[in-house]
Amino acid sequence: MIFDLHNDFPTVYNYSDYEHYLSANEQAEITAAIWTDELSDACSFVDSTVKKLISLKCAVAIENIGFTAKNDLFETFDFSNLLYCSLTWNGDNAFAGGALGEGRLTPLGRRAITRIEKSGCYVDVAHLNRKSFYDVLDVADRIVCSHTGFNDNARSLTANQINELVSRNKVIGLCAVSSFSGAKSKEDFIAVIDRFVSKYGDDSLAIGTDYNGSADIPNDLCDYDKLFCVIDGLRDMGYSNESLDKIFYRNAKTLTRRV
């Protein structure tokens, strides 16, 4: 099995297609990430979509809770059914600074983190800029980085950021997006995973594909069947079944048991 920390299929599929998509990918436990930036009425969509996805026994996340800043909606918003949520997308908002912005974690953002953590939900730091990332690390405990890379890109983590998360035993989801991971092929992705494990070990690494959220994914990495080929490639390099289980399933799955 593969546990995927981040798949944007609710953004591109209709309600009627959710069950079909999940059943067509039964070899993966998929975290359905609702990307709110594209929604005209995020509140209504999130409310109805979360209920639908939970009925399908799917882990659910929200990418950018910026819409809850209006009238302090986050104070009453139900985060308890979510695996994680991010404060921002790539831009700044009332809570924090996004990857392409200059903002910092705000007092409103600190209040939101308190609500999120009390509900049992995790704070996703994947889309924060460097300054907000460290601000969040100073005040939050329930942290995950759902889908990222580690190359020279604003959406990727620096070596110091990875060390900070690994030292806190936080989970980092490596995505298949070429511009973030640096991988242009299956073989490249295998090498990226191996480079991460060589530097930081396998206790924090997970997979957050960003499927359906980016077109910048190599053709030989674009679905779960192809990810199993990545597992086979790592096994051929000498990775044990225990290590592969941690990277592709157990590290991320541990989060669901803490919600």
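Begin by selecting Val46 and, leaving aside its neighbours within four places in sequence, look for the residues in contact with this valine, which are Ile34, Thr36, Ile62, Phe67 and Phe77. As you do so, keep in mind that what is on your screen is a predicted model. Val46 has its place in helix H3, which covers residues 42-55. Is Val46 buried or exposed? With a relative accessible area of 2%, Val46 counts as buried, because buried means a value under 20%. To gain a sense of scale, add Lys131 to the selection and compare two separations: Val46 and Lys131 are 85 residues apart in sequence, and their C-alpha atoms are 28 Å apart in space.

**The aromatic rings**

Next, show the side chains of the aromatic residues, for a search of the whole structure finds 15 aromatic pairs. One of them is formed by Phe9 and Tyr18, an edge-to-face pair with 5.6 Å from centre to centre and 85° between the planes. Both partners, Phe9 and Tyr18, are buried.

Now move to Trp35 and Trp89, whose ring centres are 4.8 Å apart and whose planes meet at 45°, so this pair is described as tilted. Which parts of the chain does the pair of Trp35 and Trp89 tie together? Trp35 lies in strand S2 (residues 28-35), while Trp89 is in the loop between strand S4 (84-86) and helix H4 (107-118), so the pair links parts that are 54 residues apart in sequence. Colour the two by accessibility and you will find that Trp35 is buried, with a relative accessible area of 17%, whereas Trp89 is partly exposed, with 27%.

Before leaving the rings, select Phe9, Tyr13, Tyr15, Tyr18, Tyr21 and Phe45 together, since these residues are linked by ring pairs into a cluster.

**Charges over rings**

Two arginines are the next stop. Select Arg142 with Tyr122, and you can see the charged end of the arginine sitting over the tyrosine ring, 4.3 Å from the ring's centre. Then select Arg155 with Phe180, where the arginine lies over the face of the phenylalanine at 4.6 Å from the ring centre.

**The largest pocket**

Turn on a surface display and look for the largest pocket, which holds about 370 Å³ of space. Its lining is made up of 21 residues, and those closest to the centre of the pocket are Glu29, Ile30, Lys57, Cys58 and Ala59. Which elements each supply at least two residues of this lining? They are helix H2 (15-24), strand S2, strand S3 (59-63) and helix H10 (241-257). If you colour the lining by residue type, the residues divide into 11 nonpolar, 5 polar and 5 charged.

**Some loop residues**

The rest of the tour visits loops, starting with Thr158, which lies in the loop between strand S6 (143-148) and helix H6 (159-167). Thr158 is partly exposed, with a relative accessible area of 28%. Not counting residues up to four places away in sequence, Thr158 touches Arg130 and Tyr134. Draw a line between the C-alpha atoms of Thr158 and Arg130, and you will find these two residues 8.9 Å apart in space, although 28 residues apart in sequence.

Go on to the loop between S3 and S4, where Glu75 has its place. At 32% relative accessibility, Glu75 counts as partly exposed. Apart from its neighbours within four places in sequence, Glu75 is in contact with Arg111 and Arg115. Thr114 may be added to this view: its C-alpha is 9.6 Å from that of Glu75, and the two residues are 39 apart in sequence.

The loop between S3 and S4 also holds Asp72, and here the backbone deserves attention. Most residues other than glycine have a negative phi. What is the phi of Asp72? It is near 55°, a positive value in a residue other than glycine. Asp72 is partly exposed, at 31% relative accessibility.

Finish with Asn212, in the loop between strand S8 (205-207) and helix H9 (224-236). Asn212 likewise has a positive phi, of about 70°, although it is not a glycine, and at 28% relative accessibility Asn212 counts as partly exposed.

Note on methods: Residues are numbered from 1 along each chain as its sequence is written. This is a predicted model: local features need pLDDT of at least 70, side-chain atom pairs count only at pLDDT 80 or more; totals for chains, interfaces and linings use all residues. Side-chain values use heavy atoms; hydrogens and water are left out. Helices (H or I, at least four residues) and strands (E, at least two) are DSSP runs, numbered from the N terminus. Buried means under 20% relative accessible area, exposed over 50%, partly exposed in between (1.4 Å probe, protein chains only). Contact means heavy atoms within 4.5 Å. Rings of Phe, Tyr and Trp (its six-membered ring) pair if their centres lie within 6.5 Å; planes under 30 degrees apart count as stacked, over 60 as edge-to-face and the rest as tilted. A charge sits over a ring if NZ of Lys or CZ of Arg is within 6 Å of the ring centre and within 35 degrees of the ring normal. On a 1 Å grid over the protein atoms alone, a cavity is a set of points where a 1.4 Å probe fits but cannot get out, and a pocket is an open set with protein on both sides within 12 Å along at least five of seven lines; lining residues have an atom within 4 Å of a point. Grid points are joined across faces, edges and corners, and a volume is the space filled by probe spheres set on the points. Ala, Val, Leu, Ile, Met, Phe, Trp, Tyr, Cys and Pro count as nonpolar, Asp, Glu, Lys and Arg as charged, and the others, Gly among them, as polar.
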